[in-house]
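Colleague: Please pick one part of this model and take me through it closely. Start with the part itself, then work outwards to whatever surrounds it.

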Amino acid sequence: MRINTMKRPTLAIASTLAMLAGPAWSQAQYANSDTFKPLIGKWQTKQGRISSFTSEASFAPYITDWTGLIYGAVMPTGQILFKSGNNCVLSGFAAPLASNGLWTFNGKLEGCQHEHMNQRVFGNMRREGHALVLEASDLPFAVGRPPVSYYLKAQMTPY
């Protein structure tokens, strides 16, 4: 008589995974809208700024400084989508930091007329009174990217 010993370890692994998934499932069911409640809504500014700069003369054509309309929204899930008058689109997701007044975001800029601006961006969002402040900047240390830094800032009001 042959005994199949594979069922017991498989069953044990499945039981362990189910037990470990319990807290994760509970966490996944948490209402993110509470976390992002101060951010949720449509936002705009006419003085948003997107710029890039470099200290290397050979990359001088990469220097840009644009100021204008930026508008978009923060969803209850933390998803962000902002568009600017220079065709840049910022999309990504926010995450709360230790305090309830500061969030970080991870996203990407796409559609920018200056190709070097189309890249991954990381930044912060915070509330200042009735305004939402969106800021992102980066030093040019990423491998495979030209030595060009970027800066994005928008102090937006609801619309």
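Modeller: What follows is a close look at strand E3, and then at its surroundings.

Keep in mind that this is a predicted model. Strand E3 covers residues 79-84. Its side chains alternate between two faces. Ile 80, Phe 82 and Ser 84 point to one face, and these residues are buried. Gln 79, Leu 81 and Lys 83 point to the other face and are not buried. That is what one expects in general: in a regular strand the side chains alternate between the two faces of the sheet.

Now the neighbours of E3. On one side is strand E2, residues 64-74. E2 and E3 run antiparallel and are joined by five bridges. One residue pair to look for is Ala 73 with Leu 81, its bridge partner in E3. So what links the two strands? They form a hairpin, with four residues between them. Gly 78 sits in that turn and has a positive phi of about 95 degrees.

The other partner is strand E4, residues 89-96. Here too the pairing is antiparallel, over five bridges. Ile 80 stands opposite Gly 92 of E4. Recall that Ile 80 is on the buried face of E3. E3 and E4 also form a hairpin, again with four residues between the strands. In this turn the residue with a positive phi is Asn 87, at about 75 degrees.

Step back to the sheet. E3 belongs to a closed barrel of eight strands. The order is E1-E2-E3-E4-E5-E6-E7-E8, and the pairing is antiparallel. Neighbouring strands of the sheet are turned by 25 degrees against each other on average, with direction ignored. The chain as a whole holds two helices and eight strands. Along the sequence the pattern is α-α-β-β-β-β-β-β-β-β.

Go round the barrel pair by pair. E1 and E2 are joined by ten bridges and run antiparallel. In that pair, Gly 41 stands opposite Val 74 of E2. Further round, E6 and E7 run antiparallel with six bridges between them. They form a hairpin with two residues in between. Gly 129 lies in that turn, with a positive phi of about 65 degrees. In the same pair, Met 125 stands opposite Leu 134 of E7. E7 then pairs with E8, antiparallel, over seven bridges. Asp 138 faces Tyr 150 of E8 there.

Next, the core. The largest nonpolar core has 26 residues. Phe 82, Phe 105, Met 125 and Leu 134 touch the most other members. Phe 82 comes from the buried face of E3. Met 125 and Leu 134 are the opposite pair of E6 and E7 just described. Elements giving two or more residues to this core are E1, E2, E3, E4, E5 (102-110), E6 (120-128), E7 (131-138) and E8 (149-158). E8 gives the largest share, four residues.

Phe 105 ties several of these strands together. Leaving aside neighbours within four places in sequence, its contacts include Ile 80, which lies in E3. The contacts of Phe 105 also include Leu 90, Phe 93 and Ala 94, then Val 121, Phe 122, Gly 123, Asn 124 and Met 125. Leu 134, Glu 135 and Ala 136 are on the list as well.

Now look at E1, which partners E2. Ser 52 lies in this strand, residues 41-53. Buried or exposed? Ser 52 has a relative accessible area of 1%, so this residue is buried. Its side chain still finds polar partners. The backbone oxygen of Tyr 62 is 2.7 Å away. The side chain of Thr 64 makes a polar contact with the side chain of Ser 52 at 2.8 Å. The residues touching Ser 52, apart from those up to four places away, include Ile 63, His 116, Met 117, Val 148, Ser 149 and Tyr 150.

Tyr 62 has a second role. The structure holds one aromatic pair. That pair is Phe 59 with Tyr 62, with 5.3 Å from centre to centre. The planes are at 55 degrees, and the pair is tilted. Tyr 62 is partly exposed because its relative accessibility is 29%.

Two figures cover the chain. Of its 159 residues, 31% count as buried. Among contacts between residues at least 6 apart in sequence, 46% join residues at least 24 apart.

Conventions:
Residues are numbered from 1 along each chain as its sequence is written. This is a predicted model: local features need pLDDT of at least 70, side-chain atom pairs count only at pLDDT 80 or more; totals for chains, interfaces and linings use all residues. Side-chain values use heavy atoms; hydrogens and water are left out. Buried means under 20% relative accessible area, exposed over 50%, partly exposed in between (1.4 Å probe, protein chains only). A polar contact is a pair of N or O atoms within 3.5 Å; within protein, one must be able to donate a hydrogen and the other to accept it, and residues adjacent in sequence count only if both atoms are side-chain atoms. Contact means heavy atoms within 4.5 Å. Two strands pair if DSSP finds at least two bridges between them. Axes are lines fitted to C-alpha atoms, for helices over the stretch in contact, and angles run from 0 to 180 degrees between N-to-C directions. A nonpolar core is a set of buried Ala, Val, Leu, Ile, Met, Phe, Trp, Tyr and Cys residues joined through side-chain atoms within 4.5 Å. Rings of Phe, Tyr and Trp (its six-membered ring) pair if their centres lie within 6.5 Å; planes under 30 degrees apart count as stacked, over 60 as edge-to-face and the rest as tilted.
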